[in-house]
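Open the model in your viewer and keep the selection tool ready. Each stop below says what to select and what is there.

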Amino acid sequence: ANTYIATMLAISETGLVPVLVEPDEESFNLDPLLLEKALTPRTRAVLPVHLYGRSANMNPILSFAREHQLLVVEDAAQAHGAYYGKNRVGSLGDAAAFSFYPSKNLGALGDGGAVTTKDVSLAQVVRTLSNYGAQKKYVNIYKGVNSRLDEIQAAFLSVKLPYLERHNARRRSIAERYLNEIKNPLIRLPQMGVSEEHVWHSFVLRTDYREEFIKHLQNRSIETLVYYPSAPHQQEAYKTGLVYESLPITERLAATVISIPLNPILTDDEVTEIIQGVNDFVC
């Protein structure tokens with residue numbers, strides 16, 4: 001339930017119906033303890049999102065899926081390079097989707113993405129679907145789409161990929177400073193968890209005074225962003241087509257989350273300035 005609407009759109013595009021499950025309020029990710037309640041005879045897969053760069057709690061999710069013979073499809077769009085235990089996200093389920101949108105930890109010059117899987121047959125199907133459903137020119141097996149990553153984007157990503165670990169390490173270093181040095185009773189910090197699990201695509205705070213906080217930081221020329229101000233089930237596009245009961249945690253998060261700058265090119269002085277700005281906030 002707590003994700004960007006693109007997660008739901010991918011499900012709807014296949015003709016399936018998203019069944020929303022509340023997140024754990026501390027990690028922002030899907031709460032595995034609530035999966036049983038959402039299960040029906042028509043359930044076919046579980047789609048955990050590694051939101052903001054932190055891996056979902058995958059062991060109980062994978063165990064639940066095995067018990068009920070369900071597929072696991074990871075949304076790893078924000079989690080390039082993140083680990084769960086000794087394994088990278090994107091290698092844990094039956095398949096995973098990554099985004100190469102420019103703002104991602106591994107971003108292209110424009111839109112792009114990739115699917116990962118250990119299933120050779122599935123990989124071939126995905127390649128075929130991305131090429132108008134054809135393996136051979138003018139011979140179409142499926143009703144596919146044009147979803148091929150162009151050579152310029154691929155080349156750019158190939159240049160950036162060797163820097164991913166270094167950039168993620170810098171993100172972790174900045175996040176550690178934020179966690180240790182931001183001290184403001186009006187601001188709720190995210191959980192660190194195990195450092196290897198998180199690549200800090202976004203550093204998401206929570207406050208009951210979001211608009212005032214945004215204006216305060218704007219006055220100091222510090223940018224903020226809200227991921228996401230409305231949950232998917234609150235959008236006009238999904239007045240129908242979703243299955244869920246009440247979602248108070250998701251709605252509470254949507255009303256209080258706010259991100260402060262975190263990227264590998266921030267200087268130490270800029271990080272200090274951001275920390276001071278957050279600490280000086282009063283309301």
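**Stop one: a small sheet**

Select β1 and strand β2 (residues 71–75): two bridges join them, and they run parallel. Strands (E, at least two residues) and helices (H or I, at least four) are DSSP runs, numbered from the N terminus. Two strands pair if DSSP finds at least two bridges between them. Now pick Ala 45, which stands opposite Leu 71 in β2.

A word on the model: it is predicted, so local features need pLDDT of at least 70 and side-chain atom pairs count only at pLDDT 80 or more, while totals for chains, interfaces and linings use all residues. Residues are numbered from 1 along each chain as its sequence is written, and side-chain values use heavy atoms, with hydrogens and water left out.

Widen the selection to the open sheet of four strands, ordered β1-β2-β5-β6 with mixed pairing. Which strands stand at the edges? They are β1 (45–46) and β6 (113–116); each has a single partner strand, so one side of each is left without a neighbour in the sheet.

**Stop two: the cores**

Next, select Leu 35, Val 46, Met 58, Ile 61, Val 89, Leu 92 and Phe 100. They have the most contacts inside the largest nonpolar core, which has 27 residues. Such a core is a set of buried Ala, Val, Leu, Ile, Met, Phe, Trp, Tyr and Cys residues joined through side-chain atoms within 4.5 Å. Buried means under 20% relative accessible area, exposed over 50%, and partly exposed in between (1.4 Å probe, protein chains only).

Color α2 (35–38), α3 (58–67) and β5 (95–99): each supplies at least two residues of this core. The largest share, five residues, comes from α3. Zoom in on Ile 61. Leaving aside residues up to four places away in sequence, Ile 61 touches Leu 30, Pro 32, Leu 35, Val 46, Pro 48 and Ala 56. Contact here means heavy atoms within 4.5 Å.

Another core, of 22 residues, lies apart from that one; among them are Tyr 178, Ile 187, Ile 258 and Ile 260.

**Stop three: a covered strand**

Select strand β9 (residues 203–206). Both of its faces are covered: Phe 203 and Leu 205 on one side, Val 204 and Arg 206 on the other, are all buried. Add strand β10 (residues 257–260), joined to β9 by four bridges and running antiparallel. The bridge partner of Leu 205 in β10 is Ile 258.

**Stop four: salt bridges**

A salt bridge is a side-chain nitrogen of Lys or Arg within 4 Å of a carboxyl oxygen of Asp or Glu. By this rule the count is nine. Stay on Arg 206, buried at 9% relative accessibility. Its side chain meets that of Glu 25 in a salt bridge (3.1 Å, N to O). The pair links distant parts of the chain: Glu 25 is in the loop between α1 and α2, Arg 206 in strand β9, 181 residues apart. Add Arg 252 to see a network of salt bridges linking Glu 25, Arg 206 and Arg 252.

Move to Glu 26 and Arg 188, whose side chains meet in a salt bridge (2.2 Å, N to O). Glu 26 lies in the loop between α1 and α2 and Arg 188 in the loop between α6 (164–181) and β9, so the pair ties together parts 162 residues apart in sequence.

Finish in helix α6. Glu 181 and Arg 177 both lie there, four residues apart, about one turn of the helix. Their closest N and O atoms are 2.9 Å apart, forming a salt bridge.
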